[in-house]
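Please look through the structure below with its charged pairs, its helices and its nonpolar core in mind. The paragraphs that follow take these topics in turn.

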Amino acid sequence: MTATLAELYVKQGLIGRARDIYRQLAAQGDEAARRRLEELPSAEAGIAALTELLERVQGRRGNH
């Protein structure tokens, strides 16, 4: 598990896998990994955006 592998995952859109690697590296005391982990988008932000989009679509369907 390396930061290079984590960044490959990020580039592929596999943020969850990247976060797992960075968590392991941070737990071993890697400060750069801890900082990068904080920079990565969280699943909560994506879920919130999708929930908002779903609500808008449902609202439009209800107005027809």
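In this predicted model, the side chains of Arg34 and Glu31 meet in a salt bridge, with 2.7 Å from N to O. The two residues belong to helix H3, and because they are 3 residues apart there, about one helical turn separates them. An α-helix has 3.6 residues a turn, so residues three or four places apart point the same way. Side chains of opposite charge can pair when their charged atoms come close. Neither partner falls under the 20% limit for a buried residue or over the 50% limit for an exposed one: Arg34 is partly exposed with a relative accessible area of 32%, and Glu31 is likewise partly exposed at 42%.

Helix H3 holds another pair with this spacing, since Arg36 and Glu39 both lie in it, 3 residues apart, or about one turn of the helix. Their side chains form a salt bridge with an N to O distance of 3.2 Å. Here the partners fall into separate classes of accessibility, because Arg36, at 21%, counts as partly exposed, whereas Glu39, at 55%, counts as exposed. Salt bridges that share partners also bring in Glu7, so that Glu7, Arg36 and Glu39 are joined into one network.

In helix H2, the side chains of Asp20 and Arg23 meet in a salt bridge of 2.9 Å, again taken from N to O. Asp20 and Arg23 are both in H2 and stand 3 residues apart, which is about one turn of that helix. Asp20 has a relative accessibility of 40% and counts as partly exposed, as does Arg23 at 43%. For the model, the count of salt bridges comes to 5.

From the charged pairs we can turn to the buried side chains, starting with helix H1, which spans residues 3–11 and whose buried residues are Ala6, Tyr9 and Val10. Because these residues cover an arc of only 105 degrees around the axis, they are placed on the same side of H1. Thr4 and Lys11, by contrast, are exposed on the other side of H1. What do the buried residues of H1 pack against? They pack against helix H2, residues 15–27, and helix H3, residues 31–39. Just after H1 comes Gly13, which takes a positive phi of about 85 degrees.

The buried residues of H1 reappear in the largest nonpolar core, which has 10 residues in all and includes Ala6, Tyr9 and Val10 together with Ala18, Ile21, Tyr22, Leu25, Ala33, Leu37 and Leu40. Each of H1, H2 and H3 supplies at least two residues of this core, and H2 gives the most, with 4 residues. Leu25, one of the core residues, is in contact with Met1, Thr2, Ala3, Asp30 and Ala33 when its neighbours within four places in sequence are left aside.

Nonpolar side chains also appear on the surface, where Leu50, Leu53 and Val57 make a nonpolar patch of about 260 Å². Val57 lies in helix H4, which runs over residues 43–62. Patches are made of residues with over 30% relative accessible area and no salt bridge; Val57, with a relative accessible area of 31%, is partly exposed.

Methods:
Residues numbered from 1 in each chain as written. Predicted model: local features only at pLDDT ≥ 70, side-chain atom pairs only at ≥ 80, totals over all residues. Heavy atoms only, no water. Patch = residues over 30% accessible without salt bridge, like charges linked within 9 Å, V, L, I, M, F, W, Y side chains within 5 Å. Areas by Shrake-Rupley, 256 points an atom, 1.4 Å probe, with all protein chains shown as cover. Salt bridge = Lys/Arg side-chain N within 4 Å of Asp/Glu carboxyl O. Buried < 20%, exposed > 50% of the residue type's maximum accessible area, 1.4 Å probe, protein only. Arc of directions from axis to C-beta. Contact = heavy atoms within 4.5 Å. Core = buried A, V, L, I, M, F, W, Y, C linked by side-chain atoms within 4.5 Å.
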